[in-house]
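Subject: The structure I promised you

Hi,

Here is the structure for you to open and turn around while you read. My notes on what turned up in it come right after.

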Amino acid sequence: MDLLKDDIKKVYFKYLTAAFGSALITSIYSIVDMAMVGQYHGPDGSAALAIVAPIWNIVCSLGLLTGIGGSVLFSNLRGHGQGNEKRSNEYFTMSVLLSIVLSAAVWIMLVFFDRPLFQAFGAEGAVLDIALNYIMPIKYVCPLFLLNIMIAAYLRNDGAPVLATAGVLAGGIFNIFGDYFFVFTCDMGSFGAGLATALGAAITFGVLIVHFFTKKNTLYFVRPSSAAAQAKRVLVTGFSTFFIDVATGIMTIIFNTQIMLFLGNTELAVYGVIANVAMLAQCCAYSIGQAAQPIISTNFGAGQGKRISGILKYALYTAAFFGIIWTAVCVGAPNGVIHVFMSPTEEVLNIAPAIIRSYTISFLIMPFNIFSTYYFQALMKPAAAFVVSVGRGLVVSGFLIMLLPRIISPAAIWFAMPITEAVVLIYAVMKIKKYTKALKAEKRV
């Protein structure tokens with residue numbers, strides 16, 4: 001499809017369908033694992049997967065840092081017209097190099113420091129043992145998770161969104177059936193869930209690299225003309241989407257420690273479920289941004305402001321749809337959500353409804369706030385994207401998570417995210433209006 005000329009509605013929804021499938025199955029890696037391990041080990045299993053959750057956030061965030069950061073610059077150059085293929089591929093090359101370095105660092109951390117890392121996250125006793133067994137097979141293929149996210153981002157920007165989705169679907173579907181087989185049929189418990197996830201990542205990688213052997217492929221390695229400057233641009237451009245995920249990991253750690261300080265293991269098990277549902281809802285929000293970003297970046301490079309406004313309209317409708325759906329599910333059937341992820345005790349069923357309903361009000365606003373960071377990045381406004389991602393991911397949220405249980409009550413911690421999203425919404429709306437108005441005022445539109 002021609003991102004500069006084809007019907008904007010058809011282009012957006014084609015990319016949304018592909019991005020949604022990709023984002024949805026990506027989240028299933030951890031969600032299915034949580035469900036299977038929770039069913040097998042009970043609340044301790046759910047708590048263990050809550051401990052592991054920050055690792056996924058770190059790995060995914062690094063993939064987005066190099067993938068989205070480089071592909072925004074890649075598409076922006078392509079939008080300027082012919083003659084930029086070599087320059088755009090310099091950013092692809094830099095993204096690959098950065099991904100290799102970062103994945104090596106994460107690999108070393110998990111292979112040699114998994115136990116102290118999980119202990120620092122709050123794991124102990126049976127919860128620690130379950131977490132260590134789960135991560136054992138995963139840590140040896142850890143680089144593939146990061147590389148898959150980076151490569152998928154470039155495939156979407158190189159006109160192959162369907163293949164990007166196919167790769168993630170192939171690995172995700174294997175993970176679903178592999179989880180059940182290894183966890184229950186082979187009686188491997190959390191180790192089996194980790195094994196299925198590791199094999200799923202390898203399958204995804206195998207499918208994604210097929211693109212590089214097709215005629216449609218325009219991605220190839222080029223020696224960067226200014227390596228340091230280009231690496232900096234990739235990292236600066238991708239920082240906001242990177243921080244969304246890494247901040248989710250930081251928030252999970254803060255939540256875990258605060259819950260253990262003011263509440264207990266039962267509340268931690270419920271939060272483990274919430275964290276996974278939030279990841280699923282967040283991935284739906286990612287799909288909006290990942291669908292819109294290549295189109296907006298390319299049209300911004302070409303000065304097509306009117307088409308960008310059209311994409312913005314469809315993206316906002318989609319964000320509202322996802323926000324309403326996820327909030328309705330969680331508020332309407334909180335214990336149904338619990339049953340999906342664990343074999344709950346009576347105590348869990350008694351406390352879960354109030355906790356889930358309080359926290360998940362934030363899902364109404366979350367898709368819009370996450371999409372706004374992609375929008376700002378695509379318009380080459382990294383400062384605005386930075387404020388949104390850091391505000392919702394650490395500054396406002398972290399302050400409220402630490403403060404509310406101390407000055408009001410322990411249960412007030414569950415309102416930290418709804419308040420955070422509402423505060424960030426005000427800033428995001430103001431900036432979107434400002435930058436969109438500037439696009440409409442440009443003479444070249």
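Before we start, one cut-off: a residue is called buried when its relative accessible area is under 20%, exposed when that area is over 50%, and partly exposed in between. Please also keep in mind that this is a predicted model.

**A nonpolar patch on the surface**

With that cut-off in hand, try Phe415. Its relative accessible area is 39%, so Phe415 counts as partly exposed. You'll find Phe415 in the loop between α14 (382–407) and α15 (416–441). Phe415 also belongs to a nonpolar surface patch of about 510 Å². Its partners in that patch are Ile324, Ile361, Leu364, Ile419 and Val423.

**Empty space inside**

Next, the holes. Rolling a probe the size of a water molecule over the atoms shows where empty space is left. How many cavities of 30 Å³ or more does a search of the whole structure find? The search comes up with five.

I picked the second largest cavity to look at, which has a volume of about 180 Å³. It is lined by 17 residues, and those closest to its centre are Thr248, Met251, Ala278, Gln282 and Tyr359. Which helix gives the most to this lining? That is α9, with five residues. The helices that each supply at least two lining residues are α2 (43–79), α8 (227–262), α9 (265–301) and α15. Sorted by class, the lining of the second largest cavity has ten nonpolar, five polar and two charged residues.

Now move over to the second largest pocket, with a volume of about 170 Å³. Its lining includes Phe92, Val96 and Ile100, and also Leu147, Met150 and Ile151. Further along the chain, Phe205, Ile209, Phe212, Leu219, Tyr220 and Phe221 complete the lining. Two elements give two or more residues to this pocket, namely α3 (85–120) and α5 (142–157). By class, the lining of the second largest pocket is made up of twelve nonpolar residues, with no polar and no charged ones.

**Salt bridges**

The count comes to three salt bridges, and here they are one by one.

- Glu90 and Lys86: their side chains meet with N to O at 3.3 Å. Both residues lie in helix α3, four residues apart, which is about one turn of the helix. Buried or exposed, what is Glu90? At 4% relative accessibility, Glu90 is buried, while Lys86 is partly exposed at 47%.
- Asp114 and Lys139: in this salt bridge the closest N and O atoms are 2.9 Å apart. Asp114 sits in helix α3 and Lys139 in the loop between α4 (125–138) and α5, so the pair ties together parts that are 25 residues apart in sequence. Asp114 is buried at 11%, and Lys139 is buried too, at 7%.
- Arg392 and Glu421: here the closest N and O atoms are 2.6 Å apart. This pair links distant parts of the chain, with Arg392 in helix α14 and Glu421 in helix α15, 29 residues apart. Why does Arg392 count as buried? Because its relative accessible area is 2%, which is under 20%. Glu421 is buried as well, with 1% relative accessibility.

**Backbone angles to look at**

Last stop: the backbone. Most residues other than glycine have a negative phi, and most peptide bonds are trans. With that in mind, have a look at Asp187, whose phi is near 55°, a positive value in a residue other than glycine. Where does Asp187 lie? It is in the loop between α6 (161–185) and α7 (190–208). Asp187 has a relative accessible area of 52%, so it is exposed.

Met380 also has a positive phi, near 60°, and it is not a glycine either. Met380 is placed in the loop between α13 (366–378) and α14. Its relative accessible area is 25%, so Met380 is partly exposed.

If you want a starting point, begin with the patch around Phe415, then go on to the salt bridge of Arg392 with Glu421.

Cheers

How values were computed: Residues numbered from 1 in each chain as written. Predicted model: local features only at pLDDT ≥ 70, side-chain atom pairs only at ≥ 80, totals over all residues. Heavy atoms only, no water. Patch = residues over 30% accessible without salt bridge, like charges linked within 9 Å, V, L, I, M, F, W, Y side chains within 5 Å. Areas by Shrake-Rupley, 256 points an atom, 1.4 Å probe, with all protein chains shown as cover. Salt bridge = Lys/Arg side-chain N within 4 Å of Asp/Glu carboxyl O. Buried < 20%, exposed > 50% of the residue type's maximum accessible area, 1.4 Å probe, protein only. 1 Å grid on protein atoms, 1.4 Å probe; cavity = no way out; pocket = protein on both sides within 12 Å on 5 of 7 lines; lining within 4 Å. Points joined across faces, edges and corners; volume = space filled by probe spheres on them. Nonpolar A, V, L, I, M, F, W, Y, C, P; charged D, E, K, R; others polar.
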